[in-house]
Structure formats: structure tokens, C-alpha cells
Amino acid sequence: MGAAPQDAHGRRVRSIFSGLATRYDLFNALSSFGIYRRWLAQVARTCACAADDRVLDVAGGTGDVAFELCRVCPPASIELTDFTPEMLDVARERERAGAARGVAIAYAEADAHDLPYADGAFTLVTCAYGLRNFSHRARAMAEAHRVLVPGGRYVVLEFATPPNVVWRALYRAYLTVAIPLIGGLVSGDRSGFTYLRDSIKRFPPQERIAQELRDAGFSHVSYRNLTGGIVAVYDAVK
Ligand SMILES: C[S@@+](CC[C@H](N)C(=O)[O-])C[C@H]1O[C@@H](n2cnc3c(N)ncnc32)[C@H](O)[C@@H]1O
């Protein structure tokens, strides 16, 4: 248990995000031409939180998902977790600026592979752009499953594989050139963005992720492609 990454991959990922934390939101906005806001809104619509939901946001970073839930469908509470403290610091700043809109948010440094919560502690677990950074996806999915109540839901947003070959080729060309370029401009360091780009390219297609969710014990697994499959929102029930 604990937040310190257990392997070299985790340490590398944490060091990338600790260096990027204060510019992460700007990078997101620029590299997606602002479309990421629409993707977030779709995540919130999928979650459709009730007022008594207890939410765990895994790899929650600077709080995009958590604060979107506060805006669209405020739950009873949100546990905003990440293993990079600098990302959580930015989220706290955003809360101080009013982003939580009165929802109770607690912050915790936590590794997605080893969540420091009791079985069945949450009614909803969210994870946006976290899965592709994890060293052991199956383990992280199993942890999400463990901390959910029976009938609780796991909602995941992640980059995906556009089904249309032309769109896919255009998007991959954009990824190859633009992500390190925009990342370099925003942060002065291209290397972390080369990792981010490659992690997007390597990430398995939607059907495979859906099967991994079933293998982790989830049922009623579905996904919805957004912007022609650049990203997908997965919805799974414990
Ligand atoms: C691309 S950011 C996404 C942040 C946020 N969910 C969002 O939508 O903007 C990925 C986040 O995952 C976190 N992360 C990566 N691996 C993790 C792990 N094993 N446990 C917890 N957090 C992790 C990173 O620190 C980073 O904040």
C-alpha cells in the first residue's frame, strides 16, 4: 500500500507528470484544440452521479473529471487521488478558486495498483487518461473493482483507435508531429511528450479494453467513441 511507484515505469511516469503539472491543463487545451472539454462533459453525462454517490477518481491529476462532476452532477463526495503530488497541488489550487462548487473533495496520494481503501468503499470510480500509463492494467482494473460496491460503476476515458482508416492515419500523423512539438513549446522539454505520444499509439483498441474489463470481473461493459474514436468512454458495472 502507498503512493510510491513500485517499478521503473511508474517512477518515470511520475517524474514526467511532476515536471509537467503546472502546464498540464494548458497542454491539454492546446493539443486537443479545446475538444477535451467536450470529452469531459461526456464523461460526466455517462457518470450521471446521484447526490448520494461516493466517487473515487483514480489518476485524477489536476482534477478535470472531479470538477466536471461537481459542475454537471454533484455527488456526495469525491476522493481525488493520484501518485504525483504536484498534480494534486494544482487541483487544490483549482478548488481554492471555486471549482468544487461546495462538493466535499478529499485528496490522497495513491497508486492505482494498490488503492488504500476498503472493499466496497465507493459507488463510482472514474479514471481519465490513466489506464495507458499504468504498469499493470489488469491490476488497476481489479483494484477499481474491489473498492466498488456491488452495482457500482467504473467509468474510464482513454485515447482509442479510430475505426475509419483515413481518420486514423490523419490522427496518427498529427500525434507523431504535434504532440512533442506542442509539448516542447509548452514545457521546454519534448522527451516526456514523446513518451505520452507513444503511450497513446501503443494503447490497445476499444474491444480489447472492453474484454480486459470483463476479465477483471465487470459486467454490462460498453463504450462510446468520441470524435471518430480518438477517445472512448467506457462504462462498466461491478
Ligand atoms: C494524463 S494525466 C490525467 C489526469 C486527469 N485524470 C485528467 O483527466 O486530466 C495521467 C495521470 O495519471 C497519474 N498516474 C499515472 N500512473 C499512475 C498510477 N499508477 N497511480 C496513480 N496515478 C497515476 C499521473 O500522475 C497523471 O496525473
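## Ligand site

In this predicted model, 19 residues surround the ligand. Ala59, Asp82, Thr84, Ala112 and Ala128 come nearest.

Polar contacts involve both side-chain and backbone atoms of the protein. Tyrosine 24 places a polar side-chain atom 2.9 Å from a ligand oxygen atom. Alanine 112 uses a backbone N or O atom, which lies 2.9 Å from a nitrogen atom of the ligand. Phenylalanine 83 offers a polar backbone atom, 3.3 Å from a ligand nitrogen atom.

## The sheet

Seven strands form an open sheet with mixed pairing. Their order is 3-2-1-4-5-7-6. Strand 3 (104-109) and strand 6 (219-226) stand at the edges. Each has a single partner strand, so one side of each lacks a neighbour in the sheet. On average, neighbouring strands are turned by 15° against each other, direction ignored.

Edge strand 6 runs antiparallel to strand 7 (residues 231-237). Six bridges join the two. In one of the pairings, serine 222 has aspartate 235 in strand 7 as its bridge partner.

## Helices on the sheet

Helix 4 (residues 64-72) lies across strand 1 (54-58), strand 2 (77-82), strand 3 and strand 4 (122-128). Helix 4 runs at about 165° to strand 2.

Helix 6 (residues 137-147) also packs on the sheet. It touches strand 1, strand 4 and strand 5 (148-159). The directions of helix 6 and strand 5 make an angle of about 145°.

## Helix 3 against helix 4

Helix 4 has a helical partner as well. Helix 3 (residues 36-47) and helix 4 have axes that come within 9 Å and cross at roughly 60°. The crossing is right-handed.

From helix 3, the contact takes Tyr36, Arg37, Leu40, Ala41, Val43, Ala44 and Cys47. Helix 4 supplies Asp64, Val65, Glu68, Leu69 and Val72. By class, nine of the contact residues are nonpolar, three are charged and none is polar.

## Helix 2 against helix 7

Helix 2 (residues 24-31) packs with helix 7 (residues 165-187) at an angle of about 145°. Their axes are 10 Å apart. This crossing, too, is right-handed.

Leu26, Phe27, Leu30 and Ser31 form the helix 2 side. They meet Tyr174, Ile179, Ile182, Gly183 and Val186 in helix 7. The contact residues divide into seven nonpolar and two polar, with no charged ones.

Technical notes: Residues numbered from 1 in each chain as written. Predicted model: local features only at pLDDT ≥ 70, side-chain atom pairs only at ≥ 80, totals over all residues. Heavy atoms only, no water. Axes fitted to C-alpha atoms, helices over the stretch in contact; angles between N-to-C directions. Helix = DSSP H or I, 4+ residues; strand = E, 2+ residues; numbered from the N terminus. Left-handed = near helix turned anticlockwise from the far one by under 90°. Contact = heavy atoms within 4.5 Å. Nonpolar A, V, L, I, M, F, W, Y, C, P; charged D, E, K, R; others polar. Pairing = 2+ DSSP bridges. Near = heavy atom within 4 Å. Polar contact = N/O pair within 3.5 Å; in protein donor to acceptor, adjacent residues only side chain to side chain.
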